[in-house]
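Biologist: I would like to go through the labels on this model and ask what each one rests on. Can we start once the structure is up?

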Amino acid sequence: MSGFFNTLFFGIYPYIALSVLIVGTIIRYDREPYSWRAGSSQLLRRKQLVWGSVLFHVGVIIIFLGHLFGLLTPIAIFDALGIGHGTKQVLAVVVGGIAGLMAIVGAGMLIHRRLYDERVRAASSAMDTFIICLLAFQLLLGLATIPISLQHLDGEEMVKFMSWALGIFTFNGDAATYVSDVSWIFKLHLFFGLTILLIFPFTRLVHMLSVPARYLWRPGYQIVRERNSTNSRHPAE
């Protein structure tokens, strides 16, 4: 990939994707709050949904947190904790591989259910089907990077992605150069990851921002129905 396209896709495109992600999400929440939902189809067909949903969501959450902390944690912190680049690389391959397999199996079950159940398909929008297929494709790309990662167990390849991600968030104009010589499969994975962020505000994925965490510390309460005074009177004798 030439220097121009490398800069375009990994130096400029990230800022476009992040800008649309932030601004688009805020506007949607402000203007269309009632569209901020997952749109469950459990009532239409429960079969495959439970196992597919659990495998997919657990796998994706593990992968998301792994990428978030793995890419955006300053390298100096890992060095201070005594976690070598090679150790981090192996950990990412093992945990990411297991989570990726869980997620892709779950995604496969959800896609099959969405495409081959008439009622679920009729209740699904084109965007619903597109986004689950895109996520499955991105998961496959992630799994496809594992054989290449196994050839770089010294962790230096991962350092390039960490430097790129930190460079983007610190507005380093040369951030794209860190990934200029990585394998095309990694670049494809990065590109589609950024694309998912770009279209995020326009999909049902926004529901992931509405996790009801407040229920974890909400004080318990009991609903008491008070009898109407007219109903509690004794009948006249």
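Modeller: A helix here is a DSSP run of H or I with at least four residues, and helices are numbered from the N terminus. The model is predicted. H4 gives the most to the nonpolar patch, with 5 residues.

Biologist: How many helices and strands does the secondary structure of the chain come to?

Modeller: There are 10 helices and 0 strands. Read from the N terminus, the order of elements is α-α-α-α-α-α-α-α-α-α.

Biologist: Which residues form the nonpolar patch on the surface?

Modeller: The members are Val50, Val54, Val58, Ile62, Val90, Leu91, Val94, Val95, Ile98, Leu150 and Leu153, with about 880 Å² of accessible area together. H2 and H4 each supply at least two of the patch residues.

Biologist: Why is Val94 called partly exposed?

Modeller: Val94 sits in helix H4. Its relative accessibility is 45%, and the label partly exposed covers values between the 20% and 50% limits. Val94 therefore counts as partly exposed.

Biologist: What makes the pair Arg204 and Asp128 a salt bridge?

Modeller: The N to O distance between the two side chains is 3.5 Å, and the cut-off is 4 Å. The pair therefore qualifies. Arg204 is in the loop between H9 and H10 while Asp128 is in helix H6, so the bridge ties together parts 76 residues apart in sequence.

Biologist: Are Arg204 and Asp128 buried or exposed?

Modeller: Arg204 has 17% relative accessibility and Asp128 has 15%. Buried means under 20%, so Arg204 counts as buried, and so does Asp128.

Biologist: How many salt bridges does a search of the whole structure find?

Modeller: The search finds 3. One of the others joins Glu157 and Lys160 at 3.5 Å, N to O. Those two residues are 3 apart in helix H8, which means a separation of about one helical turn. Lys160 also bridges to Asp181, with the closest N and O atoms 3.3 Å apart. Lys160 lies in helix H8 and Asp181 in the loop between H8 and H9, so this pair ties together parts 21 residues apart in sequence.

Biologist: What links Glu157, Lys160 and Asp181?

Modeller: A network of salt bridges links the three. Their labels for exposure come from the values: Glu157 is at 10% and counts as buried, Lys160 is at 25% and is partly exposed, and Asp181 is at 53% and counts as exposed.

Biologist: Which residues touch the most other members of the largest nonpolar core?

Modeller: Phe56, Trp164 and Val179 do, in a core of 37 residues. H1, H2, H4, H6, H8 and H9 each supply at least two core residues. H6 gives the most, with 8. A second, separate core of 5 residues includes Ile75, Met158, Val159 and Met162.

Biologist: What is Val179 in contact with, leaving aside its neighbours within four places in sequence?

Modeller: Val179 is in contact with Asn6, Phe10, Lys160, Phe161, Trp164, Lys187 and Leu190. Contact here requires heavy atoms within 4.5 Å.

Biologist: Where does UniProt place the feature "binding site"?

Modeller: The unreviewed entry puts it at His57, His67, His189 and His207. His67 is in helix H2 and touches Leu72 and His189, not counting residues up to four places away in sequence. His207 is in the loop between H9 and helix H10.

Biologist: Why are His67 and His207 given the label partly exposed?

Modeller: The relative accessible area is 40% for His67 and 27% for His207. Partly exposed lies between the buried limit of 20% and the exposed limit of 50%, so the label applies to His67 and to His207.

Biologist: Which residues does the UniProt annotation "transmembrane region" cover?

Modeller: According to the unreviewed entry, residues 12–29, 49–78, 90–110, 130–150 and 184–206. In the model, residues 12–29 are 100% helix and 0% strand, with end C-alpha atoms 26 Å apart. Residues 90–110 are also 100% helix and 0% strand, and the end C-alpha atoms are 30 Å apart.

Biologist: What percentage of the 237 residues in the chain is buried?

Modeller: Buried residues make up 34%. The chain exposes about 15,300 Å², and carbon and sulfur atoms supply 68% of that area.

Key. Residues numbered from 1 in each chain as written. Predicted model: local features only at pLDDT ≥ 70, side-chain atom pairs only at ≥ 80, totals over all residues. Heavy atoms only, no water. Core = buried A, V, L, I, M, F, W, Y, C linked by side-chain atoms within 4.5 Å. Buried < 20%, exposed > 50% of the residue type's maximum accessible area, 1.4 Å probe, protein only. UniProt positions renumbered as here; feature names shortened; annotations may be inferred. Areas by Shrake-Rupley, 256 points an atom, 1.4 Å probe, with all protein chains shown as cover. Patch = residues over 30% accessible without salt bridge, like charges linked within 9 Å, V, L, I, M, F, W, Y side chains within 5 Å.
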